[in-house]
Amino acid sequence: MIRAFLAVVILMSACLATPARAQDAAAPFDGDLQRLAEILGALHYLRGICGSNEGAKWRNEMQALIDAETPSGDRRARMVAGFNRGYNGFQQTYRTCTPAASVAIRRYIEEGSKISRDLTARYAN
């Protein structure tokens with residue numbers, strides 16, 4: 001399931017890559033990208049405390065998303081803030097892996113996969 005999620009994120013990143021926009025205006029899918037960034041931040045923290053031994057895998061996925069989308073200014077700041085919000089929100093709540101943290105991981109992987117599939121279906125060329 002995690003591999004499928006990663007594949008969809010990478011595919012979506014490649015499909016959403018667009019030329020720079022005038023004044024870096026918000027794209028119609030920015031809300032979804034911000035939510036995906038938040039999910040990636042949460043997974044980066046939660047998978048780490050739950051002993052997944054993935055290192056920076058989820059942070060690297062976020063970087064790949066930023067690299068593909070190439071946002072600048074406020075758009076980039078919002079994406080980074082979403083990632084940090086996801087990470088920090090769970091860092092304040094969980095110090096060790098719990099059954100609830102495992103449930104959150106599963107739900108976020110499912111939600112992230114759905115967002116990625118929907119974005120790809122809606123905006124891929």
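Helix axes at an angle over 145 degrees count as roughly antiparallel, a cut-off worth keeping in mind for the first two views of this predicted model.

**View 1. Helix α2 alongside helix α3.** Let's start where the axes of α2 and α3 (residues 57–69) come within 8 Å and cross at roughly 160°. The two helices are therefore roughly antiparallel to each other, and α2 passes α3 in a left-handed crossing. From α2, the residues to look for are Leu33, Leu36, Ala37, Leu40, Leu43, His44 and Arg47. They meet Trp58, Arg59, Glu61, Met62, Leu65 and Glu69 in α3. Sorted by class, the residues of this contact come to eight nonpolar, one polar and four charged.

**View 2. Helix α2 alongside helix α5.** Here α2 packs with α5 (residues 99–123) at an angle of about 150°, and the axes are 9 Å apart. That angle makes α2 roughly antiparallel to α5. The crossing of this pair is left-handed. On the α2 side, you will find Asp32, Leu33, Arg35, Leu36, Ile39, Ala42, Leu43, Leu46 and Arg47 in the contact. The α5 side contributes Ala101, Ala104, Ile105, Tyr108, Ile109, Glu111, Gly112, Ile115, Ser116, Leu119 and Arg122. The contact of α2 with α5 has 13 nonpolar residues, along with two polar and five charged ones. Leu33, Leu36, Leu43 and Arg47 may look familiar: they appear in the contact of α2 with α3 and again in that of α2 with α5.

**View 3. The aromatic pair of Tyr45 and Tyr87.** The structure holds four aromatic pairs, and this view picks out one of them. The ring centres of Tyr45 and Tyr87 are 5.1 Å apart and the planes stand at 80°, so the pair is edge-to-face. It links distant parts of the chain, since Tyr45 belongs to helix α2 (residues 30–49) and Tyr87 to helix α4 (residues 73–91), 42 residues apart. Is Tyr45 buried or exposed? With a relative accessibility of 9%, Tyr45 counts as buried. Its partner Tyr87 is partly exposed, at a relative accessible area of 24%.

**View 4. Phe90, Tyr94 and Tyr108 in one aromatic cluster.** Within this group, Phe90 and Tyr94 form a stacked pair, 5.9 Å from centre to centre with 20° between the planes. Both residues of the pair are tucked away: Phe90 is buried, with a relative accessible area of 15%, and Tyr94 counts as buried at 16% relative accessibility. Tyr108 joins Phe90 and Tyr94 in the cluster, and you have already met Tyr108 among the α5 residues in contact with α2.

**View 5. Asn53, a residue with a positive phi.** Now for the loop between α2 and α3, where Asn53 is found. Asn53 has a positive phi of about 55°, although it is not a glycine. Is Asn53 buried or exposed? At 77% relative accessibility, Asn53 counts as exposed.

**View 6. Thr70, another residue with a positive phi.** This last close-up moves to the loop between α3 and α4, where Thr70 lies. Thr70 is not a glycine either, yet its phi is positive, at about 50°. Its relative accessibility of 45% makes Thr70 count as partly exposed.

Key:
Residues numbered from 1 in each chain as written. Predicted model: local features only at pLDDT ≥ 70, side-chain atom pairs only at ≥ 80, totals over all residues. Heavy atoms only, no water. Phe/Tyr/Trp six-rings, centres within 6.5 Å; stacked < 30°, edge-to-face > 60°. Helix = DSSP H or I, 4+ residues; strand = E, 2+ residues; numbered from the N terminus. Buried < 20%, exposed > 50% of the residue type's maximum accessible area, 1.4 Å probe, protein only. Axes fitted to C-alpha atoms, helices over the stretch in contact; angles between N-to-C directions. Parallel < 35°, antiparallel > 145°, perpendicular 65-115°, else oblique. Left-handed = near helix turned anticlockwise from the far one by under 90°. Contact = heavy atoms within 4.5 Å. Nonpolar A, V, L, I, M, F, W, Y, C, P; charged D, E, K, R; others polar.
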